[in-house]
Amino acid sequence: MPLFLLGSLIFSLESCSPKADPVKPQSADSISKPSASKSSEVHPTEIKSVDTMEDIFKSLPKEWTMLTKDGSKYIIYIPCDYQNQKIILSNHGKYALEHVIGQDAYYFKIKNIKKKRNTYVFELLDENAEKGQENVNYTLNIKDNNQAVWDVYNDERKIAGITTTDAHFESKYKTVEEPPCLE
């Protein structure tokens, strides 16, 4: 009886152990062609999708309103005889970015948009009668709190960062309007 138990134990251990496959040399074909089992090992996060400019444009909010820091909070501040800065994305036959600074506005044709995580680089063309054509880059960095920072040209035509919010979230911020200016 003990011999029977010992034999059964050895038989069950042998049947559970993995079978050793003989080592086969790799042929030239198997090097150049990925096997089906290798491709199934690729994780979905490793597969990169390429978004087109149109896809990126469609995914973005179209109107951004500048926020002003007031103590520890942000507000929408409207100065006297002026209006708050806005950045407006549009597509009326061509992709465009309009940067409204008070009573002035700069219009740019969007040549391309590149996306890396939450940052978007807008390659723009400024067609100005005085200067001719000028290539300009604006950068949009979207934060987790319904805010974004745009690196833009200010009215002195120097790059400056402005904090903005998607226009759909304007109601979350207090609007402070300066009384009319007296001249």
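How many salt bridges does the structure hold? The count comes to 4 salt bridges, and I should say at once that we are looking at a predicted model, so please hear every value today as computed from that model.

Let me begin with the fold. In this model 8 strands close into a barrel, in the order β1-β4-β5-β6-β7-β8-β9-β10, with antiparallel pairing, and neighbouring strands of this sheet are turned by 35 degrees against each other on average, if direction is ignored. Where β1 meets strand β4, which covers residues 86–91, the two pair in the antiparallel sense over 3 bridges, and within that pairing W64 stands opposite I87 in β4.

W64 brings me to the aromatic residues, where the structure holds 4 aromatic pairs. In one of them, the rings of W64 and W150 have their centres 6.2 Å apart and their planes at 75 degrees, and because planes over 60 degrees apart count as edge-to-face, this pair is given that name. The pair links distant parts of the chain, since W64 belongs to strand β1 (residues 63–66) and W150 to strand β9 (residues 147–153), 86 residues apart. Both partners are buried, W64 with a relative accessible area of 3% and W150 with one of 0%. F122 joins W64 and W150 to form one aromatic cluster.

Staying with W64 for a moment, I would point you to T165 in strand β10 (residues 159–166), which touches W64 and also, among others, E63, T65 and E170. T165 counts as buried, at 0% relative accessibility.

Now back to the salt bridges. E170 forms one with K86, the closest N and O atoms being 3.1 Å apart, and here too distant parts of the chain are linked, with E170 in the loop between β10 and β11 and K86 in strand β4, 84 residues apart. E170 counts as partly exposed, at 24% relative accessibility, and together with E63 and K86 it is linked in a network of salt bridges.

The salt bridge between E54 and K58, at 3.0 Å from N to O, lies within helix α4 (residues 53–59), where the two residues are 4 apart and therefore separated by about one helical turn. E54 is partly exposed, at 38%, whereas K58 is exposed, at 57%.

Finally, E123 forms a salt bridge with K114, with the closest N and O atoms 3.1 Å apart; E123 is partly exposed at 21%, and K114 is partly exposed at 46%.

Key
Residues numbered from 1 in each chain as written. Predicted model: local features only at pLDDT ≥ 70, side-chain atom pairs only at ≥ 80, totals over all residues. Heavy atoms only, no water. Phe/Tyr/Trp six-rings, centres within 6.5 Å; stacked < 30°, edge-to-face > 60°. Buried < 20%, exposed > 50% of the residue type's maximum accessible area, 1.4 Å probe, protein only. Contact = heavy atoms within 4.5 Å. Pairing = 2+ DSSP bridges. Axes fitted to C-alpha atoms, helices over the stretch in contact; angles between N-to-C directions. Salt bridge = Lys/Arg side-chain N within 4 Å of Asp/Glu carboxyl O. Lists of a residue's contacts leave out its neighbours within four places in sequence.
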